[in-house]
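Work through the exercises below with the sequence and the structure open beside you, and try each task before you read its solution.

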Amino acid sequence: RGVNFTGKPRYIDPDVYIDATGGLSIGKDFVASTRSIILTHDYSYTTGLGSIGNRPDTDIEIRLPVKIGNNVFVGAGAIILPGTTVGDNVIIGAGSVVKGTIENDMVVVGNPAKKISDIKQWVESQNANTEPKAFFKDKR
């Protein structure tokens, strides 16, 4: 509800939290693993104002859109914060916290998420360092 899908996702786990309040666009072949979170709004500004003695009468919500490109994998427990743009062909590692712009063809991990590789180097590394029997093809 409220999500603009620009293509068919590959998989979104039932335990993913998607907040489209501030606007959310998701490209084709998107995968979101269990417990990942996509946020497009934030109420922390009210707390910040209160800390400087300027608390408003009501909460103030910040709404910023999130845009996720094509062929993006979001690992388990990762969080994408309001205002983030994720390019095409991106892997976001499990538990990562993403804010800002992630360029095309990147692998990012950590809190805050940082680039560890471009995606082509990452695939070559997986091919060279992973036992062939560890690869399993889903039935389609």
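The exercises that follow concern a predicted model, and each task is followed by a worked solution.

**Exercise 1.** Find where Phe73 sits, decide whether Phe73 is buried, partly exposed or exposed, and list its contacts beyond four places in sequence.

*Solution.* Begin with the position along the chain: Phe73 belongs to strand β10, which covers residues 72-74. Next, take the relative accessible area, which is 32% for Phe73; because buried means under 20% and exposed means over 50%, Phe73 counts as partly exposed. Finally, leaving out residues up to four places away in sequence, Phe73 touches Val31, Ser33, Val90, Ile91 and Ile92.

**Exercise 2.** Turn to Ser33, one of the residues that Phe73 touches, and determine whether Ser33 is buried or exposed.

*Solution.* First locate Ser33, which lies in the loop that links β5 (31-32) and β6 (37-38). The relative accessible area of Ser33 is 15%, and since the limit for buried is under 20%, Ser33 is buried. As a last step, look at its contacts outside the four neighbouring places in sequence: Ser33 meets Asp13, Val16, Phe73, Val74, Gly75 and Ala76.

**Exercise 3.** Which residues touch the most other members of the largest nonpolar core, and which elements give two or more residues to this core?

*Solution.* The largest nonpolar core holds 22 residues, and those touching the most other members are Leu24, Phe30, Ile38, Ile68, Ile80 and Ile92. Two or more residues of this core come from each of β4 (24-26), β9 (66-68), β10, β13 (90-92) and β16 (106-109). Now follow Ile80 as an example: apart from residues up to four places away in sequence, Ile80 touches Ile37, Ile38, Leu39, Val66, Ile68, Val74, Ile92 and Val98.

**Exercise 4.** Work out the strand order of the open sheet of 4 strands, and then find the bridge partner of Ile80 in β14.

*Solution.* Reading across the sheet, the order is β3-β6-β11-β14, and the pairing is parallel. The edge strands, each of which pairs on one side only, are β3 (17-18) and β14 (97-98). Strand β11, residues 79-80, runs parallel to β14 and is joined to β14 by 2 bridges, and the partner of Ile80 in β14 is Val98.

**Exercise 5.** Identify the residues that form a nonpolar surface patch with about 310 Å² of accessible area together, and place Ile60 in the chain.

*Solution.* The patch is formed by Tyr45, Ile60, Ile62 and Leu64. Of these, Ile60 lies in the loop between α1 (44-51) and β8 (62-63), and with a relative accessibility of 31% Ile60 is partly exposed.

Conventions. Residues numbered from 1 in each chain as written. Predicted model: local features only at pLDDT ≥ 70, side-chain atom pairs only at ≥ 80, totals over all residues. Heavy atoms only, no water. Buried < 20%, exposed > 50% of the residue type's maximum accessible area, 1.4 Å probe, protein only. Contact = heavy atoms within 4.5 Å. Core = buried A, V, L, I, M, F, W, Y, C linked by side-chain atoms within 4.5 Å. Patch = residues over 30% accessible without salt bridge, like charges linked within 9 Å, V, L, I, M, F, W, Y side chains within 5 Å. Areas by Shrake-Rupley, 256 points an atom, 1.4 Å probe, with all protein chains shown as cover. Salt bridge = Lys/Arg side-chain N within 4 Å of Asp/Glu carboxyl O. Pairing = 2+ DSSP bridges.
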